[in-house]
Amino acid sequence: MTSTNYPHLAELGWNDFFENQLDDERPAENAIVRVCSVHSMVLFVMGAEGKRQLAIPGNWLSSDPEDRPTVGDWLILDETGQWPVRILKRQTLVTRRAPSDITSVQLVAANLDTLFIVTSLNDDFNLSRLERYLAIAYEYGVTPVVVLSKRDLVTAEHAEDCAAQVRALHDGLDVVVVNALTIDTVSALFPWVEKGMTATLVGSSGVGKSTLVNTLSGEERTPTGAIRDSDSKGRHTTSSRTLYTLPNGGLIMDVPGFRELRLPSCEHGIAKVFADIIEIGLHCGFTDCLHDGEPDCAVEKAVKDGRITRRRVDNYRKLLKEQAAQDDEKQQAKIYARQRRVADRVAGKTSGKKQRRRR
């Protein structure tokens with residue numbers, strides 16, 4: 001059986017990966033829905049019967065973050081069609097480290113085909129930040145496309161120079177320069193959001209993500225706001241992640257701007273972004289060379305020769321340090337949690353004895 005047995009769902013991104021997870025007794029088409037937004041204790045979903053609201057089961061609310069529904073998930077409903085009972089295995093899942101908790105992750109989106117990494121051609125342009133987003137995309141197997149916005153505010157030479165710098169970050173990286181207000185340039189994004197394909201827009205506040213959603217949709221679906229002239233920084237206009245359908249049959253998700261992008265465990269993604277440095281490092285005099293002034297360092301020599309930039313090497317080393325620190329923090333958190341559990345058990349026993357004596 002193929003996904004053609006659920007024609008309305010195929011338009012929402014359903015494919016054989018999800019179809020093959022169904023039991024022999026196939027649910028009705030209206031018992032399968034996709035999450036388009038999550039708000040506290042309720043879900044907004046879409047399916048064969050359009051959009052509707054569902055309550056999140058209490059046991060899901062108390063589960064680990066990775067086990068809770070997120071935008072882009074596919075759910076199976078019970079026989080009443082009003083209660084979700086199962087989250088299908090995700091084809092892709094993009095996460096970041098939670099800003100307020102170093103030991104947990106924050107789900108960004110599930111079942112994506114494309115990650116549109118949006119940065120504007122003003123002071124927001126930052127190659128090191130783009131490398132962070134690329135590491136996440138490569139780690140989770142999502143196609144990255146860098147979108148350089150606000151083309152109308154800079155010269156053609158500046159736009160082309162920025163695009164060239166971004167293309168140099170990784171072989172074959174797709175870069176699109178747009179004026180988010182005009183469909184003439186934004187239409188270049190349609191190949192990545194064709195019918196049944198899902199993309200999300202990530203980047204800082206004020207870079208034009210919501211404007212891109214509106215232009216791709218041909219209507220205003222999400223509010224937009226101006227950036228500050230003083231520092232080219234944007235204000236949050238998107239308050240929650242929302243999945244929208246596009247007139248051409250694709251799906252696009254708007255995500256609140258990230259003021260800070262802390263990478264989750266991302267070893268594979270970092271290795272792919274900085275494959276050139278790793279390859280050069282194979283020729284260093286020491287196998288454990290840190291590329292930080294050691295003798296016979298091939299990476300340091302490549303910097304002096306102009307084959308790679310100091311900025312790129314420094315960012316590579318910075319991300320590796322963050323990954324190592326994260327591992328240490330997670331280990332410390334596990335030890336602390338075990339100590340707390342032991343202390344709680346001891347306290348519980350002591351408390352029980354006192355209660356019995358009082359009786």
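Start by selecting helix α4 together with β8 (114-120), β9 and β11 (198-202): the helix lies across these three strands and runs at about 175° to β8. Keep in mind as you look around that this is a predicted model.

**The six-stranded sheet**

Now widen the selection to the sheet those strands belong to. Six strands form an open sheet here, in the order β10-β9-β8-β11-β13-β12, with mixed pairing. Colour β10 (174-177) and β12 (242-245) separately: they stand at the edges with a single partner strand each, so one side of each has no neighbour in the sheet. Averaged over the sheet, neighbouring strands are turned by 25° against each other, direction ignored.

Zoom in on the β10 edge. Strand β9 (residues 143-149) runs parallel to β10, and four bridges join the two. Show L148 and you will find V177 of β10 standing opposite. Next, add helix α5 (residues 156-167), which lies across β9 and β10 at about 165° to β10.

**The nonpolar cores**

Keep L148 on display and add W14 and V166. These are the residues with the most contacts inside the largest nonpolar core, which has 63 residues. Then bring back helix α4 (residues 127-140), which gives the most to this core, with eight residues. For a second stop, select V118, V145, L216 and Y244; they are among the 20 residues of a second, separate core.

**The five-stranded sheet**

Move on to the other sheet. It is open, has five strands in the order β3-β2-β1-β4-β5, and its pairing is antiparallel. The edges are β3 (50-55) and β5; each has a single partner strand, so one side of each is left without a neighbour in the sheet. Here the average turn between neighbouring strands is 40°, direction ignored.

For a closer view, select strand β1 (residues 32-39) and strand β2 (residues 42-47), which pair in the antiparallel sense over six bridges. Pick R34 and look across to M46, its bridge partner in β2.

**Charged pairs**

Side chains of opposite charge can pair when their charged atoms come close. The model has 13 salt bridges in total, and a few of them make good stops.

- Select R90 and D73. Their side chains meet in a salt bridge at 2.8 Å, N to O. The pair links distant parts of the chain, 17 residues apart: R90 sits in the loop between β5 (84-87) and β6 (93-97), and D73 in the loop between α3 (58-61) and β4 (74-77). Both R90 and D73 are buried.
- Select E19 and R26. This salt bridge has its closest N and O atoms 3.6 Å apart. E19 counts as buried because its relative accessibility is 0%, whereas R26, at 32%, counts as partly exposed.
- Select D314 and R310. Here the salt bridge spans 3.8 Å, N to O. Both residues lie in helix α11 (residues 310-358), four residues apart, or about one turn of the helix. D314 is partly exposed at 37% relative accessibility, and R310 is partly exposed at 36%.

For the last stop, select E131, D276, R311 and R312 together: a network of salt bridges links these four residues.

Methods:
Residues are numbered from 1 along each chain as its sequence is written. This is a predicted model: local features need pLDDT of at least 70, side-chain atom pairs count only at pLDDT 80 or more; totals for chains, interfaces and linings use all residues. Side-chain values use heavy atoms; hydrogens and water are left out. A nonpolar core is a set of buried Ala, Val, Leu, Ile, Met, Phe, Trp, Tyr and Cys residues joined through side-chain atoms within 4.5 Å. Buried means under 20% relative accessible area, exposed over 50%, partly exposed in between (1.4 Å probe, protein chains only). Two strands pair if DSSP finds at least two bridges between them. Axes are lines fitted to C-alpha atoms, for helices over the stretch in contact, and angles run from 0 to 180 degrees between N-to-C directions. Contact means heavy atoms within 4.5 Å.
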